[in-house]
Amino acid sequence: MKAKTPASPKPSTPESPKKTEPAFGWNLYAEQINGRFAMVGFVSLLLVEFLTEQNFLTWIGLR
């Protein structure tokens, strides 16, 4: 008769707090929205620079 080996415990993953509604101040929801807008802005800047063949410094008059 074989002895049963205990099942290995599942690794626990820390759950991040989820905030699904807007709130005032520093919170997860605001940080996620700010990060998404930053990503959209950065990609938009790259696309416009590629299409106009001018860099950002030229646009603001520093070059």
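Leaving aside neighbours within four places in sequence, V48 is in contact with E53 and W59, where contact means heavy atoms within 4.5 Å. This is a predicted model, in which local features need pLDDT of at least 70 and side-chain atom pairs count only at pLDDT 80 or more, while totals for chains, interfaces and linings use all residues. Residues are numbered from 1 along each chain as its sequence is written, and side-chain values use heavy atoms, with hydrogens and water left out.

The secondary structure of the protein comes to 2 helices and 0 strands; helices (H or I, at least four residues) and strands (E, at least two) are DSSP runs, numbered from the N terminus. Of the 63 residues, 3% count as buried, a class defined as under 20% relative accessible area, with exposed over 50% and partly exposed in between (1.4 Å probe, protein chains only). The protein exposes about 6500 Å², and carbon and sulfur atoms supply 65% of this area, as given by the Shrake-Rupley method with a 1.4 Å probe, where for residues only the protein chains shown count as cover.

The table sets out the accessibility of several residues together with their places.

| Residue | Place | Relative accessible area | Class |
|---|---|---|---|
| N27 | segment before α1 | 15% | buried |
| V48 | helix α1 | 38% | partly exposed |
| L51 | helix α1 (residues 28-52) | 68% | exposed |
| E53 | loop between α1 and α2 | 73% | exposed |
| N55 | loop between α1 and α2 | 24% | partly exposed |

In the segment before α1 stands N27, and a polar atom of the N27 side chain lies 2.8 Å from the backbone nitrogen of A30. Further along, L51 in helix α1 joins F42, V43, L46, L47 and F50 in a nonpolar surface patch of about 680 Å². Such patches are made of residues with over 30% relative accessible area and no salt bridge, like charges being joined within 9 Å and nonpolar side chains (Val, Leu, Ile, Met, Phe, Trp, Tyr) within 5 Å; a salt bridge is a side-chain nitrogen of Lys or Arg within 4 Å of a carboxyl oxygen of Asp or Glu.

The loop between α1 and α2 includes E53, which has a positive phi of about 60 degrees although E53 is not a glycine. N55 also lies in this loop, and the side chain of N55 makes a polar contact with the side chain of T58 at 2.7 Å. A polar contact is a pair of N or O atoms within 3.5 Å; within protein, one must be able to donate a hydrogen and the other to accept it, and residues adjacent in sequence count only if both atoms are side-chain atoms. Apart from neighbours within four places in sequence, N55 is in contact with E49 and R63. Between N55 and L45 there are 9.0 Å in space, C-alpha to C-alpha, and the two are 10 residues apart in sequence.

The structure holds 1 aromatic pair. The rings of F56 and W59 have centres 6.0 Å apart and planes at 70 degrees, so the pair is edge-to-face. Rings of Phe, Tyr and Trp (its six-membered ring) pair if their centres lie within 6.5 Å, and planes under 30 degrees apart count as stacked, over 60 as edge-to-face and the rest as tilted. Both F56 and W59 lie in helix α2 (residues 56-59), 3 residues apart, which is about one turn of the helix. F56 is partly exposed at 38% relative accessibility, and W59 is partly exposed at 36%.
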